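Work through the following exercises with the sequence and the model side by side, and try each task before reading its solution.

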Amino acid sequence: MARHPRPGPDGTMPELPEVETVRRGLEHHVTGRAIDTVRVLHPRAVRRHLAGPADFEAGLTGRSLDTAHRRGKYLWLSVGEDALLAHLGMSGQLLVGEPDRPLSPHVRIWFTFSDSGPDLRFTDQRTFGHMCFVPDGAELPGPIAHIAPDPLEPAFDAAELTQRLRRRHTGVKRALLDQSLISGVGNIYADEALWRAGLHWARPTETLNGPEVATLLAAVREVLTEALTAGGTSFDSLYVDVNGESGYFDRSLAVYGREGLPCPRCGAPVRRDPFMNRSAYTCPQCQPRPRRARW
Ligand SMILES: [Zn+2]
């Protein structure tokens, strides 16, 4: 499958499937290895680590990286009782490769390992991503404790989501993007899941019945799982894959970014509406506009 990064129409960010692909890459390439050196090459990359770059480096030097976890779009590696937490932002990448390869000017944090094997480079052209070291954060780092479980986590509670959605009084797409309700769903996969579930994005959440929420949740899981499969990267290459854009799921998109193109189900031209300074894409036939709407 072609993997050319293509900017989405709204400047899309990595979403859950891309981040999960990175998590798997980290699990494969760095879990179980001991850090030799840590160098923060740009202080902005550790701006959320309030104790500063030197403290970040000191907290991690000589430590072993354990299991790689993800919640929504956050990644963390357990480091004993502590955690190394990362958010990729718009353009962050975690790249694994031979330590003697040239250092790109976009490398922000550089980890080498005591086995002298492949190193790990946090590379971020736009520097919206960040990393921090969180003491006692191995199980669930404090800075992300407010983020809801994501629909691919075993801890995700579908019944609770139904209850909370119906109490929310907002449009269903806004609810899907609310990380305190359900995490890891961004603009692209929200539009795709709503299309699959036949729901308009402005449908008021309090009018959703149980079967509709179940259908929507199944659609969210299906879209995320398919995108994850499409992003399933070959671990032969020493590259922990994230392309920083939507990229490889492009070919499977039914509505997102496809204004005016035929709906794959009914052929009606896909409609684009402005939505929270971005866009919402729907099929006007398959996702009729609700009589009462919450824009
Ligand atoms: Zn349609």
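**Exercise 1: the sheet**

Strand 2 and strand 3 run antiparallel and are joined by 4 bridges, where strands are DSSP runs of E with at least two residues, helices are runs of H or I with at least four, both numbered from the N terminus, and two strands pair if DSSP finds at least two bridges between them. This is a predicted model, in which local features need pLDDT of at least 70 and side-chain atom pairs count only at pLDDT 80 or more, while totals for chains, interfaces and linings use all residues. Residues are numbered from 1 along each chain as its sequence is written, and side-chain values use heavy atoms, with hydrogens and water left out.

Task: starting from this pair, find in what order the strands form the open sheet.

Solution. Begin with the hairpin of strand 2 and strand 3, which has 2 residues between them, and note that glycine 72 in the turn has a positive phi of about 55°. Across this pair, alanine 68 stands opposite leucine 77 in strand 3. Next, follow strand 3 (residues 74–79) to strand 4 (residues 82–87), to which 6 bridges join it in an antiparallel run. Here tryptophan 76 stands opposite leucine 85, and leucine 77 stands opposite leucine 84. This hairpin also has 2 residues between its strands, and glycine 80 takes a positive phi near 60°. The complete sheet is open, has 4 strands in the order 2-3-4-8, and is antiparallel in its pairing. Strand 2 (68–71) and strand 8 (130–134) each have a single partner strand, so one side of each edge strand is left without a neighbour in the sheet.

**Exercise 2: the surroundings of strand 3**

Task: decide whether the residues of strand 3 are buried or exposed, and find which helices touch this strand.

Solution. First look at the two faces: Tyr74, Trp76 and Ser78 point one way, Leu75, Leu77 and Val79 point the other way, and all are buried, where buried means under 20% relative accessible area, exposed over 50% and partly exposed in between (1.4 Å probe, protein chains only). Because 6 of the 6 residues are buried, strand 3 is largely enclosed by the rest of the structure. Then turn to the helices, for which contact means heavy atoms within 4.5 Å. Helix 1 (residues 16–29) lies across strand 2 and strand 3, and helix 2 (residues 53–60) packs on the sheet, touching strand 3, strand 4 and strand 8.

**Exercise 3: the zinc ion**

Task: name the residues that coordinate the zinc ion and find the geometry of its site.

Solution. The donors (N, O and S atoms within 2.8 Å of the metal, or 3.2 Å for Na, K and Ca) are the SG atoms of Cys263, Cys266, Cys283 and Cys286, at 2.2 to 2.4 Å. Their angles of 97 to 115° make the site tetrahedral, a label given to four donors if all angles lie between 85 and 135 degrees. In sequence, the donor residues are spaced C-x2-C-x16-C-x2-C. Cysteine 263, in the loop between helix 6 (210–231) and strand 9 (271–275), and cysteine 283, in the segment after strand 10 (278–282), are 20 residues apart and link distant parts of the chain. Both cysteine 263 and cysteine 283 are buried.

How values were computed: Axes fitted to C-alpha atoms, helices over the stretch in contact; angles between N-to-C directions. Tetrahedral: all angles 85-135°; square planar, octahedral: opposite > 155°, others 65-115°.
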